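Biologist: Hey, could you walk me through this model? I'm new to this, so plain words please.

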Amino acid sequence: MSTTNPTSDAPNAEGRTTGLRARFGRRATGAPASAARLRRRSKQRRRLANVAGLMAALVLTGVGYSALAPANAADDAVAGQSSAEAAGQALYERSCISCHGSNLQGVSDRGPSLIGVGEASVYFQVHTGRMPLVRQEADAARKPPVFDDAQIEQLMAYIQANGGGPTLPSGDLRDGDLAEGGELFRLNCASCHNFVGEGGALSSGKAAPSLADANDLEIYAAMLSGPENMPVFGDNQLTPEQKRSIIDYVQTLKEQADPGGAGIGRAGPVSEGLVIWVVGIGALLFGIFWMGTKA
């Protein structure tokens, strides 16, 4: 009598073997394929993990560099700038605050506001010795500067940082057209400074100063800031190129010799008329009196 389970090995209606043989047979034949698939999936996962790790490392490196290196450079720049401004503030509070106020707002009947004047005005006023002001009068006279160049730069940094305004140019300030500079100077400046920059008298005890001792940067800064009675010549009135042409004309006049002999201060018809009256008319009167005594 057979002990085989008729249901374990008997084929089903579709001709497929059922029972334990079928199950063990599938497991035995499917094991190598499953293992191969698992190995392939494991290898792909390792590759993806390596790529993801590399990308993460690159991203972290870039983020770290952009976050740390520029921040350190910016901190160094801010620290240097703050140092100059702090030194300028100390100079301001020692020498300027009584007339221009604690917030650059100016003090009535003492000094104007410094808001908006910029480093150009600071350079002109301090480098020419006009500021600090000795006493209140019609004009601030030129005198030896109280501060050295380093201190002037510190004051400029403080005023510029807190008040803003025109900044100083760079480069060659005589890089202009000499003929155009002469025309522009006669049109815009000669009425006050004389056609050769010797200065002249104005109303109410004021005077336009001589340009004989002014350097290139002082002339440019004066055109930008308009000190005292001088109007402001911004870039809308005179372009930077035109300003350089004017400076070239003024400084060229100082270097030229007087072809006609004595320049008589180059003050034009005023000095020439004085010479005519003193020397010419005096000589005529002397001749008349001499001839009268001989008659």
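Biologist: What pattern does the protein follow, read along the sequence?
Modeller: Along the sequence it goes α-α-α-α-α-α-α-β-β-α-α-α. That comes to 10 helices and 2 strands. Helices (H or I, at least four residues) and strands (E, at least two) are DSSP runs, numbered from the N terminus.

Biologist: Anything I should know before we dig in?
Modeller: This is a predicted model, where local features need pLDDT of at least 70, side-chain atom pairs count only at pLDDT 80 or more, and totals for chains, interfaces and linings use all residues. Residues are numbered from 1 along each chain as its sequence is written, and side-chain values use heavy atoms, with hydrogens and water left out.

Biologist: Cool. What share of the protein's residues is buried?
Modeller: Buried residues make up 27% of the 295. Buried means under 20% relative accessible area, exposed over 50%, and partly exposed in between (1.4 Å probe, protein chains only).

Biologist: Why is helix α4 described as largely enclosed by the rest of the structure?
Modeller: Because 10 of the 10 residues of α4, which covers residues 118–127, are buried. Among them are E119, Y123, F124 and H127.

Biologist: And what do the buried residues of α4 pack against?
Modeller: They pack against α5 (149–163) and α8 (216–225).

Biologist: What comes after α4?
Modeller: G129 follows α4, and its phi is positive, near 80°. In the loop between α4 and α5 you'll find P132. The peptide bond from M131 to P132 is cis, with omega near 0°.

Biologist: Which residues have a positive phi although they aren't glycines?
Modeller: N194 is one, at about 75°, and E228 is another, at about 55°. N194 sits in the loop between α7 (190–193) and β1 (200–201), while E228 is in the loop between α8 and α9 (240–255).

Biologist: Are those two buried or exposed?
Modeller: N194 is buried, with a relative accessible area of 14%. E228 is partly exposed, at 43%.

Biologist: New topic. Which residues does UniProt list for "binding site"?
Modeller: The UniProt entry, an unreviewed one, lists C96, C99 and H100 under that name. The lining of the largest pocket takes in C96, C99 and H100. UniProt positions are given in the numbering used here, feature names are shortened, and annotations may be inferred rather than shown by experiment.

Biologist: Hang on, what's a pocket?
Modeller: On a 1 Å grid over the protein atoms alone, a pocket is an open set of points where a 1.4 Å probe fits, with protein on both sides within 12 Å along at least five of seven lines; lining residues have an atom within 4 Å of a point.

Biologist: Okay, where is C96?
Modeller: C96 is in the loop between α2 (20–95) and α3 (97–100). C96 is buried, at 15% relative accessible area. Apart from its neighbours within four places in sequence, C96 is in contact (heavy atoms within 4.5 Å) with L91 and G101.

Biologist: How about C99?
Modeller: C99 lies in helix α3 and counts as partly exposed, at 27% relative accessibility. Leaving aside its neighbours within four places, C99 is in contact with G106, V107, R110 and G111.

Biologist: Last one: where is I288?
Modeller: I288 is in helix α10, residues 269–294. I288 is exposed, with a relative accessible area of 51%.
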